[in-house]
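The exercises below are meant to be worked with the sequence and the model side by side. Try each task before reading its solution.

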Amino acid sequence: MSGETLTISDRIQKGLDDLTRAERQLAHSILENYPASGLGPLSALAKDANVSGPTVARMVQKLGFKGYPEFQAELREELKAKVKNPIAKHDTWAEGAPSEHLLNRFTDEVIENIRHTLGQIDPNDFDAACRTCADTNHHLYIVGGRITHTLAEYLFLHMQLIRPKITHVQSTSNAWPHYLLDVEDGDVFVIFDMRRYENNTLKLAEMAHAKGARLILFTDQWRSPVHHLAEISFSSRIVVPSAWDSAVSPLLLLETMISTVQGLTWGDTKDRMEALEDMFDQTKLFRKFT
């Protein structure tokens, strides 16, 4: 995060791969209800995460703090800074609803999710992923899961218009191994895997990777196991006041990627668009008012 001090959440996410299994369990517990999860006693945090007190102490030191009190002091400073933020000061987003109305609480959380997500994105990685998706020298495969198939379909629909040599693979289908028959070294898989991470998706990623495919992963703040195989990973913050996770942050990244790839391939994309519009006219798919 250029020009900004890393938050504790940022530090945790950057160091996830260096944590032990118990420490990763603790990290996920902290991020689940961040920052309130770290404001209570050390023993309470350990109990909530189902880890030992020494595990909490070790992880706090790995994050760069001398001890738990210093860790908590930093969390409190983050809360103070958040209160001073102009967005946090905004009374309501829906003026006809009280500030505690779900419309406003949900919107606040989504905006905070976007801020954290963009803070974790490396622009160079994003640009590299867009160039990779624009490269028609290699086939592009797009994979979604039980819930994330909606994001995969959204990307596929646009990429199908932008470029040739593209396949939508549904990892929940019993037929997905058939798609791997034609995968060649250097082909690209864009994979969506948010919690709860799906075994089918991981197995598909492992088999594609073994055939020399390059993986681009869209995941959440805790990161799918596919992360260890991916050339580039984008972690989106997805928690909102709902039983369901939010798709707003990953969708923002997707729409930005679509726009970028379209710009990189505009000459060929324009020709494809014109050909498609001609087909629409012939099939009278859309109603015209002229």
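**Exercise 1.** Locate Arg 223 among the elements of the chain, and decide whether Arg 223 is buried or exposed.

*Solution.* Arg 223 sits in the loop that runs between E4 and E5, where helices (H or I, at least four residues) and strands (E, at least two) are DSSP runs numbered from the N terminus. The backbone there has a positive phi of about 70°, although Arg 223 is not a glycine. With a relative accessibility of 14%, Arg 223 counts as buried, given that buried means under 20% relative accessible area, exposed over 50% and partly exposed in between, with a 1.4 Å probe and protein chains only. Lys 165, in the loop between H9 and E2, likewise has a positive phi, of about 55°, without being a glycine, but Lys 165 is partly exposed at a relative accessible area of 39%.

The model is predicted, so local features need pLDDT of at least 70, side-chain atom pairs count only at pLDDT 80 or more, and totals for chains, interfaces and linings use all residues. Residues are numbered from 1 along each chain as its sequence is written, and side-chain values use heavy atoms, with hydrogens and water left out.

**Exercise 2.** State how confident the prediction is along the protein chain, and find which element has the lowest mean pLDDT.

*Solution.* Begin with the average: pLDDT, the predictor's confidence in each residue from 0 to 100, averages 85 over the protein chain, and 89% of the residues score at least 70. Next, go through the elements: the lowest mean, 45, belongs to helix H6 (residues 86-89), while strand E3 (residues 188-192) has the highest, 97. Finally, look around the low point: over residues 83-93 the pLDDT is below 50, and this stretch has 15 contacts in the model beyond near neighbours in sequence, a contact being heavy atoms within 4.5 Å.

**Exercise 3.** Work out the order of the strands in the sheet, and explain why one side of E2 and of E5 has no neighbour in the sheet.

*Solution.* First, trace the order: five strands form an open sheet, E2-E1-E3-E4-E5, with parallel pairing, where two strands pair if DSSP finds at least two bridges between them. Strand E2 (166-170) and strand E5 (232-236) stand at the edges with a single partner strand each, so one side of each is left without a neighbour in the sheet. From one strand to the next, the twist averages 15°.

Then follow the bridges: E3 is joined to strand E4 (residues 214-220) by five of them, and Phe 192 has Phe 218 as its bridge partner in E4. Phe 218 in turn has Phe 234 as its bridge partner in E5, within the five bridges that pair E4 and E5 in the parallel sense.

Last, consider what surrounds the strands. Helix H12 (residues 248-264) lies across E3, E4 and E5 and runs at about 135° to E5, the angles here being taken from 0 to 180 degrees between N-to-C directions, with axes as lines fitted to C-alpha atoms, for helices over the stretch in contact. Four of the five residues of E5 are buried, so E5 is largely enclosed by the rest of the structure.

**Exercise 4.** Describe how H2 packs with H4, and identify which residues meet.

*Solution.* Two packed helices are described by the angle between their axes and the distance between the axes. Helix H2 (residues 21-32) and helix H4 (residues 53-62) pack at an angle of about 80°, and their axes are 10 Å apart. That makes H2 roughly perpendicular to H4, since angles under 35 degrees count as roughly parallel, over 145 as roughly antiparallel, 65 to 115 as roughly perpendicular and the rest as oblique. From H2, Ala 22, Glu 23, Leu 26, Ala 27 and Ile 30 meet Thr 55, Val 56, Arg 58, Met 59 and Lys 62 of H4.

**Exercise 5.** Find where His 168 lies, and name which residues it contacts outside its neighbours within four places in sequence.

*Solution.* His 168 belongs to strand E2 and is buried, with a relative accessible area of 15%. Leaving aside neighbours within four places in sequence, His 168 is in contact with Ile 142, Ala 152, Glu 153, Phe 156 and Tyr 179.
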